[in-house]
Amino acid sequence: MRIGLDVMGGDNAPHAILEGAIGALDRLEPSDELWLVGDETTIRSALAEHSINDDRIVVTPTTQVIEMAEPPVEAVRGKPDSSITVLAELASARRAKKRDAEPLDAIISAGNTGACISAAQMHMRRLRNVHRPGIAVTVPTFSGPVVLIDVGANIEPKPHHLAQYGVMGELYASRVLGVERPRVALMNVGGEEQKGTADMKFARDLLRSVEGVNFIGYIEGRAVFNGEADVVITDGVVGNVMLKLAEGLSEGIFKAIAREVHRIDPDLAQRFEPVVRRIYAQHDYHEYGGAPLLGVNGICFIAHGSSEARTITNAIANAHQFRDAGVNEAISERLGVMEEALA
């Protein structure tokens, strides 16, 4: 498998990204290739510092970087030699051929999310039968992992986009996360049938008509963490806000508990600390190594902007799992059947 990594993207780039790449070498197959895309001097210095001389590593130099705050589409078009743009081109058979290279099987970036999405859609294009790709984040909850789709790729989805997200999310949950017959729900302001916009109700009816999807109806935000669904469909704005709210809230709760216990009994706080650390580790997004952009013609993982070395290591390993699970092939096939049934 040929995996490409954006060395320059992320709040902790390039050092944490390179540390993660080096850490993943033991988890790669002998026939794999790991393409490191970014500033050549920085990459080679890190490899030399760690005494890495591995034939599976391919260094692809770039001279530009898309910063986190740059407008996505303009940045991708205006910086053709950026690590994000070059990475997406290398994942396109047509574009890779112009660079005298074989296309990459998977790409990973912790950089500007909008730019990653734009570059992937420009160069990798969409899978057959997919209308709009969506980011599928695995949210760790006390009841098990929940797939939340979309969290930023499509801020104004049409009803049929949401219906397709249900199918794609269900396939990801079953094939990658191992959830048996995933329960699929549509995020709404309430669970009652009469609530929501006309588009929301249309999306609900479409999902009910899709054969093979275990659609359970609407779901409220508070029920996501109670184990009532395995896949939750929403638009990119609500999904992104919900994800970041959950991250901030959970971090704040852990800190508040630790501070209060320490105030009451410092000795108890020392004994309680390992418990908090275990709970936090069980619900740590770094373990999932990024979120797939489902629906693009290839494998594109978008990692958290604050990714650490282990986030990248896990993302590289998860790219293998995604490929082996045959998710993309299943998406094209199932959506083709869905489109025929709805025609």
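Student: In what order do the 11 strands of the open sheet stand?

Tutor: The order is 3-2-1-4-11-10-5-6-9-7-8, and the pairing is mixed. Strands (E, at least two residues) and helices (H or I, at least four residues) are DSSP runs, numbered from the N terminus. Two strands pair if DSSP finds at least two bridges between them.

Student: What kind of model is this, and how are its residues numbered?

Tutor: This is a predicted model, in which local features need pLDDT of at least 70 and side-chain atom pairs count only at pLDDT 80 or more, while totals for chains, interfaces and linings use all residues. Residues are numbered from 1 along each chain as its sequence is written, and side-chain values use heavy atoms, with hydrogens and water left out.

Student: Back to the sheet. Which strands stand at the edges?

Tutor: Strand 3 (57-61) and strand 8 (214-219) do. Each has a single partner strand, so one side of each is left without a neighbour in the sheet.

Student: By how many degrees are neighbouring strands turned against each other?

Tutor: The average is 25 degrees, direction ignored. Axes here are lines fitted to C-alpha atoms, for helices over the stretch in contact, and angles run from 0 to 180 degrees between N-to-C directions.

Student: Is strand 1 buried or exposed?

Tutor: In strand 1 (residues 2-6), 5 of the 5 residues are buried, so this strand is largely enclosed by the rest of the structure. Buried means under 20% relative accessible area, exposed means over 50%, and partly exposed lies in between (1.4 Å probe, protein chains only).

Student: Which way do its residues point?

Tutor: R2, G4 and D6 point one way from strand 1, while I3 and L5 point the other way. In a regular strand, side chains alternate between the two faces of the sheet.

Student: What does strand 1 pair with?

Tutor: Strand 1 pairs in the parallel sense with strand 2 (residues 33-38) over 5 bridges. Here R2 stands opposite E33, and G4 stands opposite W35. Strand 1 also pairs in the parallel sense with strand 4 (residues 106-109), over 3 bridges. In strand 4, A106 is the bridge partner of I3.

Student: Where does the chain go after strand 2, and what is the handedness of the unit with strand 3?

Tutor: Strand 2, helix 2 (residues 40-49) and strand 3 make a right-handed β-α-β unit. Right-handed means that, with the strands pointing away from the viewer, the path from the first strand over the helix to the second runs clockwise. Strands 2 and 3 pair in the parallel sense over 5 bridges, and I57 in strand 3 is the bridge partner of L34.

Student: What about A106, and which residue of strand 11 is its bridge partner?

Tutor: The partner is I299. Strand 4 and strand 11 (residues 299-302) pair in the parallel sense over 4 bridges.

Student: Let us turn to the helices. How do helix 4 and helix 6 cross?

Tutor: The axes of helix 4 (residues 83-90) and helix 6 (residues 113-124) come within 8 Å and cross at roughly 30 degrees. The crossing is right-handed: the near helix is turned clockwise from the far one by less than a right angle, whereas anticlockwise would be left-handed.

Student: Which residues make the contact?

Tutor: Contact means heavy atoms within 4.5 Å. Helix 4 contributes I84, T85, A88 and E89, and helix 6 contributes A115, C116, A119, A120, H123 and M124.

Student: Where does E89 sit, and what does it touch?

Tutor: E89 lies in helix 4 and is buried, with a relative accessible area of 10%. Not counting residues up to four places away in sequence, E89 touches R95, A96, R99 and H123. Helix 4 itself is mostly covered, with 8 of its 8 residues buried.

Student: Which strands does helix 6 lie across?

Tutor: Helix 6 lies across strand 4, strand 5 (134-141), strand 10 (291-294) and strand 11, and runs at about 170 degrees to strand 11.

Student: One last residue: why does A163 count as buried?

Tutor: A163 counts as buried because its relative accessibility is 0%. A163 is in helix 7 (residues 159-175) and touches L206, L207 and M338, not counting residues up to four places away in sequence. A163 and S209 are 46 residues apart in sequence and 9.7 Å apart in space, C-alpha to C-alpha.
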